[in-house]
Amino acid sequence: MAEQQRDIHGAEPCRRVDDGITRVFALLGKRWTGPIVAVLMPHPAHFVDLRRAIPGISERMLSDRLTELAAAGLVVREVDEGPPLRVTYRLTAAGEALGPALTELKDWALVHLPQDWPCAGSAR
């Protein structure tokens with residue numbers, strides 16, 4: 001029986017996922033990361049503006065995701081000396097290079113995801 005189950009699908013489906021795909025989705029596949037990058041794509045933004053632009057994200061989660069994006073080299077945190085003290089986030093060249101991929105994903109979603117998919121109308 002075990003021999004039969006092993007031969008059902010062959011070796012191809014057991015192949016490992018590409019390392020690049022694994023690394024990309026480990027970062028960008030996390031909730032809120034894509035929307036943060038998308039908001040920063042056209043221009044830098046203050047923390048409060050990011051929070052307003054992404055309904056439902058908590059300050060803690062936004063801070064955590066921005067820290068991860070900075071550690072990955074996609075976002076730079078710049079402190080604007082006050083008063084008031086304000087923090088601006090902007091994409092690095094590596095972050096900006098995600099633009100074409102995000103555009104492709106957005107276009108794909110418009111064609112292939114149902115219109116009633118969660119939050120479908122909130123980003124337009």
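The following dialogue examines how several descriptions of this predicted model are justified.

Visitor: What does the secondary structure of the chain come to?

Guide: The chain contains seven helices and three strands. In sequence order, these elements follow the pattern α-α-α-β-α-α-β-β-α-α.

Visitor: How do you know that strands E2 and E3 pair?

Guide: Pairing requires at least two bridges between the strands. Strand E2 (residues 75–80) and strand E3 (residues 86–91) are joined by six bridges, so they count as paired. The two strands run antiparallel. Val-75 of this pairing stands opposite Leu-91 in E3, and Asp-80 stands opposite Arg-86 in E3. A hairpin of five residues connects E2 to E3.

Visitor: What makes E1 and E2 the edge strands of the sheet?

Guide: The open sheet has three strands in the order E1-E3-E2, with antiparallel pairing. Strand E1 (45–46) and E2 each pair on one side only, and they are the edge strands. As a general point, strands of a sheet pair through backbone hydrogen bonds, either parallel or antiparallel.

Visitor: Why is the aromatic pair of Phe-47 and Tyr-89 called tilted?

Guide: A search of the whole structure finds one aromatic pair. The ring centres of Phe-47 and Tyr-89 are 6.5 Å apart, and the criterion for a pair is centres within 6.5 Å. Their planes stand at 50 degrees. Planes under 30 degrees apart would count as stacked and planes over 60 as edge-to-face, with the rest counted as tilted. The angle of 50 degrees belongs to neither of those two classes, and the pair is therefore tilted.

Visitor: Where in the chain do the two members of this pair lie?

Guide: Phe-47 is in helix H4 (residues 47–53) and Tyr-89 is in strand E3. The two residues are 42 residues apart, and the pair links distant parts of the chain.

Visitor: Why is Tyr-89 called buried?

Guide: The cut-off for buried is under 20% relative accessible area. Tyr-89 has 8% relative accessibility, so Tyr-89 counts as buried.

Visitor: Is Thr-33 buried or exposed?

Guide: Thr-33, in helix H3 (residues 33–40), has 0% relative accessibility and therefore counts as buried. Beyond residues up to four places away in sequence, Thr-33 touches Leu-27, Leu-28, Arg-65 and Leu-69.

Visitor: How do you know that Arg-65 is buried?

Guide: Arg-65 is in helix H5 (residues 59–71). Its relative accessibility is 12%, and because buried means under 20%, Arg-65 meets the criterion. With residues up to four places away in sequence set aside, Arg-65 touches Lys-30, Arg-31, Trp-32, Thr-33 and Ile-36.

Visitor: What can be said of the phi of Trp-32?

Guide: Trp-32 is found in the loop between H2 and H3. Its phi is near 85 degrees, a positive value in a residue other than glycine. Most residues other than glycine have a negative phi. Trp-32 has a relative accessible area of 15%, and since this lies under the 20% cut-off, Trp-32 is buried.

Visitor: Why is Leu-102 called partly exposed?

Guide: Partly exposed covers values between the 20% limit for buried and the 50% limit for exposed. Leu-102, in helix H7 (residues 99–112), has 24% relative accessibility and therefore counts as partly exposed. Apart from neighbours within four places in sequence, Leu-102 is in contact with Val-37, Ala-38 and Met-41. The C-alpha atoms of Leu-102 and Ala-38 are separated by 7.5 Å, although the two residues are 64 residues apart along the chain.

Visitor: What makes Val-24 eligible for the nonpolar surface patch?

Guide: A residue of a patch must have over 30% relative accessible area. Val-24, in helix H2 (residues 19–28), has 40%, so Val-24 satisfies that area requirement and is described as partly exposed. Val-17, Ile-21, Val-24 and Phe-25 make this nonpolar patch of about 380 Å².

Visitor: Which values describe the chain as a whole?

Guide: Of the 124 residues in the chain, buried residues make up 20%. The chain exposes about 9,100 Å², of which carbon and sulfur atoms supply 58%. Among contacts with a separation of 6 or more, residues 24 or more positions apart account for 47%.

Key. Residues numbered from 1 in each chain as written. Predicted model: local features only at pLDDT ≥ 70, side-chain atom pairs only at ≥ 80, totals over all residues. Heavy atoms only, no water. Helix = DSSP H or I, 4+ residues; strand = E, 2+ residues; numbered from the N terminus. Patch = residues over 30% accessible without salt bridge, like charges linked within 9 Å, V, L, I, M, F, W, Y side chains within 5 Å. Areas by Shrake-Rupley, 256 points an atom, 1.4 Å probe, with all protein chains shown as cover. Salt bridge = Lys/Arg side-chain N within 4 Å of Asp/Glu carboxyl O. Buried < 20%, exposed > 50% of the residue type's maximum accessible area, 1.4 Å probe, protein only. Phe/Tyr/Trp six-rings, centres within 6.5 Å; stacked < 30°, edge-to-face > 60°. Contact = heavy atoms within 4.5 Å.
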